[in-house]
Amino acid sequence: MMYYLVFALVLLTPLAMLITGLAWRLRPPRRQGRGFAYRTAMTEKNEAVWAFAHRHISKLWIRLGLMLTLVVSLLMIFLSQHYLSFFLWVIGGEMVFLCLSAFLVDGLVKSSFDQEGNPISKP
């Protein structure tokens, strides 16, 4: 019974990333809304930056969500005898991917837009 609870716990983060990525892909959050969204000082500049950031983080979270769900599921199945000794490491690894994705999108936004939120023309 405990095994299934831990299995469900380690799948929370990747499934949340996948569901949020799919939801934002279909309908990005409103910029003026108070709900869950990828908010940084840069994404608040204008609608173009906001849409760009959410388009890219949704793609990344869909891919990461699928990959992490598959990898974590396989780890839990193949290492089911030792799941208690590594499940916190798995959750920690998922958090690293979640945070890293925010840094990657922030870097992409900063390389694509100037400080005022205007697109940077690339030669």
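1. Start with Trp61: with a relative accessibility of 8%, this residue counts as buried. Keep in mind as you read that the model is predicted. Trp24 is buried as well, at 7% relative accessibility. The two rings sit with their centres 5.5 Å apart and their planes at 25 degrees, so the pair is stacked. What does this pair link? Trp24 belongs to helix α1 and Trp61 to helix α2 (residues 47–78), so distant parts of the chain, 37 residues apart, are joined here.

2. In total there are six aromatic pairs in the structure. Another one to look at is Tyr3 with Tyr83, which is edge-to-face, at 5.1 Å centre to centre and 80 degrees between the planes. Tyr3 is part of helix α1 (residues 2–26) and Tyr83 is part of helix α3 (residues 83–112), so this pair ties together parts that lie 80 residues apart in sequence. Are these tyrosines buried or exposed? Both Tyr3 and Tyr83 are buried. They also belong to one aromatic cluster, which is formed by Tyr3, Tyr4, Phe7 and Tyr83.

3. Now for the surface. There is a nonpolar patch of about 800 Å², and its members are Met67, Leu70, Val71, Leu74, Leu75, Ile77, Phe78, Leu79 and Phe97. Which helix gives the most to it? That would be α2, with seven residues. Phe97, on the other hand, comes from helix α3, and its relative accessible area of 34% makes it partly exposed.

4. Thr69 is worth a click too. It is found in helix α2 and counts as buried, at 18% relative accessibility. A polar atom of the Thr69 side chain lies 2.6 Å from the backbone oxygen of Gly65. Leaving out residues up to four places away in sequence, Thr69 touches Leu11, Pro14 and Leu15.

5. Ser111 shows a similar kind of side-chain-to-backbone approach: a polar atom of its side chain is 3.0 Å from the backbone oxygen of Leu108. Ser111 lies in helix α3 and is partly exposed, with 35% relative accessibility. Which residues does Ser111 touch, not counting those up to four places away in sequence? Ile120 and Lys122. Leu74 is another matter: the C-alpha atoms of Ser111 and Leu74 are separated by 36 Å, with their positions 37 residues apart along the chain.

6. How many salt bridges does the structure hold? Three. In one of them, the side chains of Arg31 and Glu47 meet at 3.8 Å, N to O. This pair links distant parts of the chain, as Arg31 is in the loop between α1 and α2 while Glu47 is in helix α2, 16 residues apart. Glu47 is partly exposed, at 44% relative accessible area.

7. Arg39 and Glu44 also form a salt bridge, at 3.3 Å, N to O. Each partner is partly exposed: Arg39 has 34% relative accessibility, and Glu44 has a relative accessible area of 32%.

8. Asp106 and Lys110 make a salt bridge at 3.4 Å, N to O. Why are they separated by about one helical turn? Because they are four residues apart in helix α3. Asp106 is buried, with a relative accessible area of 19%, a value that falls under the 20% cut-off. Lys110 is partly exposed, with a relative accessible area of 49%.

How values were computed:
Residues numbered from 1 in each chain as written. Predicted model: local features only at pLDDT ≥ 70, side-chain atom pairs only at ≥ 80, totals over all residues. Heavy atoms only, no water. Phe/Tyr/Trp six-rings, centres within 6.5 Å; stacked < 30°, edge-to-face > 60°. Helix = DSSP H or I, 4+ residues; strand = E, 2+ residues; numbered from the N terminus. Buried < 20%, exposed > 50% of the residue type's maximum accessible area, 1.4 Å probe, protein only. Patch = residues over 30% accessible without salt bridge, like charges linked within 9 Å, V, L, I, M, F, W, Y side chains within 5 Å. Areas by Shrake-Rupley, 256 points an atom, 1.4 Å probe, with all protein chains shown as cover. Salt bridge = Lys/Arg side-chain N within 4 Å of Asp/Glu carboxyl O. Polar contact = N/O pair within 3.5 Å; in protein donor to acceptor, adjacent residues only side chain to side chain. Contact = heavy atoms within 4.5 Å.
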